[in-house]
Amino acid sequence: MTSTELTDTLAEVRGGSSEAWGVLYREYAGAIFRFCRRVLPTKEDAEDATTEIFMKVRNRLDQFDSSRPFTAWLYTVASNHCWDMLRRRRVRQDLETPDVETMPLEHPDPNQLEQLLEQSTNEQVRAGLAKLPARARMALVLRYFSDMSYNDIADALGVRRAFVGVLLLRARHELREILGEAKPKGGRAGTGSRATGAVAGEAL
Amino acid sequence: MNVFDTHFDEMACLLYLDEQLEPAQAGELRRHAATCTKCGALLHALEGEGRTLRNALTEADEPMPAHLLRRPAPASSWPWIALLGFAAAGAYTVWNTVFEPIQAQFAQAGFNQDNVLTMLMFSGAFWKGWDTMRGIAESLALVTLGILCLTLFRRRGRRSGGVAAMAGAIVLMALMMPSGAAAAEVRHGDPNYVVPAGEVVHNDLIVVGEYVTIDGDVDGDLIAVTQELIVNGHVKGDVLVAARQVRITGTVEGNLRSWTESVQLDGAVAKNVTAWSAHVVLGPKSVVLGSFIGSAGAIELDGAIAKEITTFSGFARLNGIASSNSSIHAGQVTIGPHEQARGTMRVESRHPPILDPAAKLSSPLQFTLEKRGPDYTSAVYYWHQVLKWGASFIFGLAILLLMPEFFAETMRATSRFYITAGGVGFLVLIATPVVAVIMGITIVGLGVAIALALLYAVSIYAAQIFVGTWVGVKLLGAASSTGALAGRLALGLALLRIAKQVPYAGELVASVAMLWGMGAIGLSIYRRTRSTLAVA
């Protein structure tokens, strides 16, 4: 769907057109379902969440600022919804990592990292993602599935923008750990010089 | 560049790749990486990692479920208008047929308030002094109940939610506490409390003990929570009692309200008697100058009652003096030889009453045979079903629109954990009244007990909403808009109502739906409460 078509469709939906709503739904339902599937623990959760997210979208379409990309807004609604679902299930204890901003981050060996990635299939990566704590998983999905900006990720997760980079890097480290443990030989991609996450704050 | 060596650290590299660095810093890193093998390799590895993540996440590995691919149903306005019309008419009918008659009966018994909430919370059953504060107190109670509901179902503000819940409960408790409590005599801790003959208690008396005997006088109201209460003396105010056994041989100048296993009146009550008991006996010497309302397993009225008599019981025996109209609803009714009915007597029973020929009735007995099950031949019956369906639909719609998160969470519990929900429903059904009673008899917990009882009643009614929606979703597939979900709610409720009308099987359907729905509501509330507590 081109941006002009999208604009027209949104205007028709706002005008109450069910046909236009059907078009919009068919265009984005698949992506939102996959997003939910990546973030939520079960397929049934993802199905429910997809339905509920589109209900919210329809009810809140008037709040959409048309100067922003529609997909970004859509993913923000979706991520907020999924985040709320996860939070209600008391997954918060794995969401708060004290002192993470000053926690030393291992400097990876690029060769080992590349080797690890070469040996990992998409399926293994997805399986590894599923084992991550909710916030780490959510951060990676928002960034690498939804292409959301750091600002939008910060809004969706309720953290400071300066913390998003730390969150993403931390999530990558945890994923490497999981993928490394899944390999027959050790080969963990995490040695070498050390640096501090506090640099993230300085960099921003 | 980090402070430990001359290379850029991983964080800086990631921020560079995500275009989050300031232009100057980005330029510096780019120039450095062009000449530094280590940093160049790290950038390359991180970029590859990002690519891998993107590929793994965006790969379409799983087809979208077919039911999600369905085009959302178009919504037109006229069915909504019709539905809302029916629903409004249903709500009005429910009010007219359920609440107003109850209110009228209570008014007849001396609960002269303006509405049901007032009747339930602030009538003479608790304290007559509340009448002067009714308007303020009622408003506060409504606000408090609103806060409690919002706190349970709110999505955000969890930290303040717990505080609000506590504050709400405290306010409600405070509302339910009698204002004159400070002026009352409170007795507890003595297992055998006795007011001896000749002694006068010049205040209201609140007493908690195993056995309570009043041989003397109480100038005010008597409130007793006990195993056994015996009043041989004189109480100038009301007697409010929750006990196993009550026997009154003395005089009560106010009303007698009892929640007991058995109550026996052999004395006089100057106002009204209201009894919820397994067994109620008004002995031959008893006199009630007001009305009598009894709900019991068995009721025996051998004394004299000056005003209206209303009973709901398994068995009823009338063998005394009824000076006004009587309305008897019972499984079996016996009218004895000493009965003198000076008003009309209406009997509704599953069996014809046994009428002693010596009984004196001023007018012919009006008997209605209570039919088992509904009258399927009556058009009114079907019209009432439609109206009741409308009322349940508008209630469900209100939950859906006002508390969408709660609705969705409860639907998840309904569809996923139906066995657990059934078990929880059974537990909630049994345990909640017990908990409410335990709270209630401690006086201090009365407000919370009433709030819990109200929530319990609402849950029983709301159970059908979620089970009905589940049925609708099963038949039409998942809804992709609020309107479509409301349609499924309407369809499911209609089918559920039809199923409930089937003889015998309908009762089973209704029971299963109630347990299942209540359990789902319980699970949903538990999860929300647990989440709130976890965060707080």
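## Burial and strand pairing in chains A and B

Leaving aside its neighbours within four places in sequence, B:Val281 is in contact with B:Gln264 and B:Glu300, where contact requires that the C-beta atoms of two residues, placed from the backbone, lie within 7 Å. The model is predicted, and local features need pLDDT of at least 70, side-chain atom pairs count only at pLDDT 80 or more, and totals for chains, interfaces and linings use all residues. Residues are numbered from 1 along each chain as its sequence is written, while chains are lettered from A and ligands numbered from 1 in the order in which they are written.

B:Val281 belongs to strand β12 (residues 273-282) of chain B; strands (E, at least two residues) and helices (H or I, at least four) are DSSP runs numbered from the N terminus. B:Val281 is buried, with 21 other C-beta atoms within 10 Å. A residue counts as buried if 20 or more other C-beta atoms lie within 10 Å of its own, as exposed if 12 or fewer do, and as partly exposed in between, with C-beta atoms placed from the backbone. The C-alpha atom of B:Val281 is separated by 8.9 Å from that of B:Gly303, which is 22 residues away along the chain.

Strand β16 (residues 309-318) of chain B has seven of its ten residues buried, so this strand is largely enclosed by the rest of the structure. Its parallel pairings are listed below; two strands pair if DSSP finds at least two bridges between them.

| Strand paired with β16(B) | Bridges | Sense | Partner of B:Thr311 |
|---|---|---|---|
| β14(B), residues 292-301 | nine bridges | parallel | B:Gly294 |
| β18(B), residues 326-335 | nine bridges | parallel | B:Ile328 |

B:Thr311 of β16(B) is thus the bridge partner of B:Gly294 and also stands opposite B:Ile328 in β18(B).

Chain A has ten helices and two strands, and from the N terminus on its elements run α-α-α-α-β-α-α-α-α-α-β-α. Of its 204 residues, 44% count as buried, and among contacts in chain A between residues at least 6 apart in sequence, 72% join residues at least 24 apart.

In helix α8 (residues 150-157) of chain A, the buried residues include A:Tyr150, A:Asp152, A:Ile153, A:Ala156 and A:Leu157. They cover an arc of only 160 degrees around the axis, which puts them on the same side of α8(A); the arc is that of the directions from the helix axis to the C-beta atoms. An α-helix has 3.6 residues a turn, so residues three or four places apart point the same way. After α8(A) comes A:Gly158, whose phi is positive, near 70 degrees.
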